[in-house]
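Hi,

Here is the structure I promised to pass on. Have a look at it first, then read my notes underneath.

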Amino acid sequence: MTWTELVMAAAPMQGDQPAVSDVRTGEVLSYAAFARRVTRAAAGLRAQGLRYGEHVLVNVPLGATLPVAVHAVAWAGGVAVLGSTGAARMMIAHDHYDPASVKVDQVFSFRPTPGARPFSELLAGGMLEFGPLAGPAFTLDGVRMFDNTELAADLRRVSMRLVVGKDDVLISAVSEPFRGLRVIDLAMTSGAHVVVPHEPSLLGCRVLAQERRATVVVAPYDLARRLLGDPVLRVVDERAVVSSLGL
């Protein structure tokens with residue numbers, strides 16, 4: 001099972017249950033919607049000419065749209081590059097981009113953006129039923145490549161170590177995009193519900209935990225240390241989700 005397959009595996013069972021709640025935008029992404037958007041966007045990227053191993057810049061904030069963008073690229077056989085500058089075959093942006101800072105053939109955006117095509121255009125066709133069996137899927141810097149097999153194997157290891165269950169509500173108080181993406185991957189692999197705060201803070205996390213009846217919070221060390229002591233809330237240092245990748 002590849003990286004994206006592992007993240008989508010809970011979709012048939014969880015269906016319309018919430019996978020990611022984005023506090024900043026109010027969007028709630030269900031498991032079924034995630035799988036549908038990823039497979040359709042992947043088909044759209046292929047139809048627009050994306051080939052195996054080609055890079056796609058992804059400049060999208062943490063929330064409900066980031067996992068859709070990254071996993072659509074990976075499912076299409078491309079390599080997702082988190083960043084807003086550089087050269088790539090295509091780019092997926094959220095609501096803006098600087099044409100002078102990128103060298104790409106096409107730009108797709110989740111929100112109306114001058115010079116970009118709507119991301120929704122990628123969803124208009126059919127779905128891509130099968131993704132790549134192996135090969136590169138992600139890079140942070142364009143140099144070190146993470147392949148599907150490595151990311152899937154690491155996600156399994158993290159899942160076994162941190163033990164998040166399908167009944168958990170997990171707050172991702174993480175600001176670094178890749179760490180935040182791995183937290184979402186972890187939660188979705190387990191069938192859990194991850195809530196992404198707007199601006200994580202001690203008070204904000206406590207209020208959100210109470211409102212959402214959260215059971216787990218993943219946060220940077222300083223914030224995690226200050227959240228300790230709650231008998232209901234399990235606190236995880238964000239480094240635990242990427243340490244085995246050497247990050």
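Take the contacts in the protein chain between residues at least 6 apart in sequence: 66% of them join residues at least 24 apart. Keep in mind while you browse that this is a predicted model.

Now for the overall picture. The protein chain has eight helices and 15 strands. Its radius of gyration is 17 Å, close to the 18 Å that the globule rule gives for 247 residues, so the chain is as compact as a globular protein of that length. If you lay the C-alpha trace along its principal axes, it spans about 50 × 35 × 35 Å.

What about inside and outside? Of the 247 residues, 53% count as buried. The protein chain exposes about 10,900 Å², and carbon and sulfur atoms supply 54% of that. As for charges, there are 24 positive and 24 negative ones, and their mean positions lie 2 Å apart.

One spot to zoom in on is strand E8, which covers residues 106–109. Which way do its residues point? Gln106 and Phe108 point one way, Val107 and Ser109 point the other way, and all of them are buried.

E8 also has neighbours to look at. Strand E6 (residues 90–93) runs parallel to E8, and four bridges join the two. Methionine 90 has glutamine 106 in E8 as its bridge partner. Strand E9 (residues 117–118) pairs with E8 in the parallel sense too, over two bridges. There, phenylalanine 108 stands opposite arginine 117 of E9.

Cheers

Definitions and conventions:
Residues are numbered from 1 along each chain as its sequence is written. This is a predicted model: local features need pLDDT of at least 70, side-chain atom pairs count only at pLDDT 80 or more; totals for chains, interfaces and linings use all residues. Side-chain values use heavy atoms; hydrogens and water are left out. The radius of gyration is taken over C-alpha atoms; the globule rule is 2.2 Å times the number of residues to the power 0.38. Buried means under 20% relative accessible area, exposed over 50%, partly exposed in between (1.4 Å probe, protein chains only). Contact means heavy atoms within 4.5 Å. Accessible areas come from the Shrake-Rupley method with a 1.4 Å probe; for residues, only the protein chains shown count as cover. Lys and Arg count as positive and Asp and Glu as negative; His and the chain ends are not counted. The place of a charge is taken as NZ of Lys, CZ of Arg, CG of Asp or CD of Glu. Two strands pair if DSSP finds at least two bridges between them.
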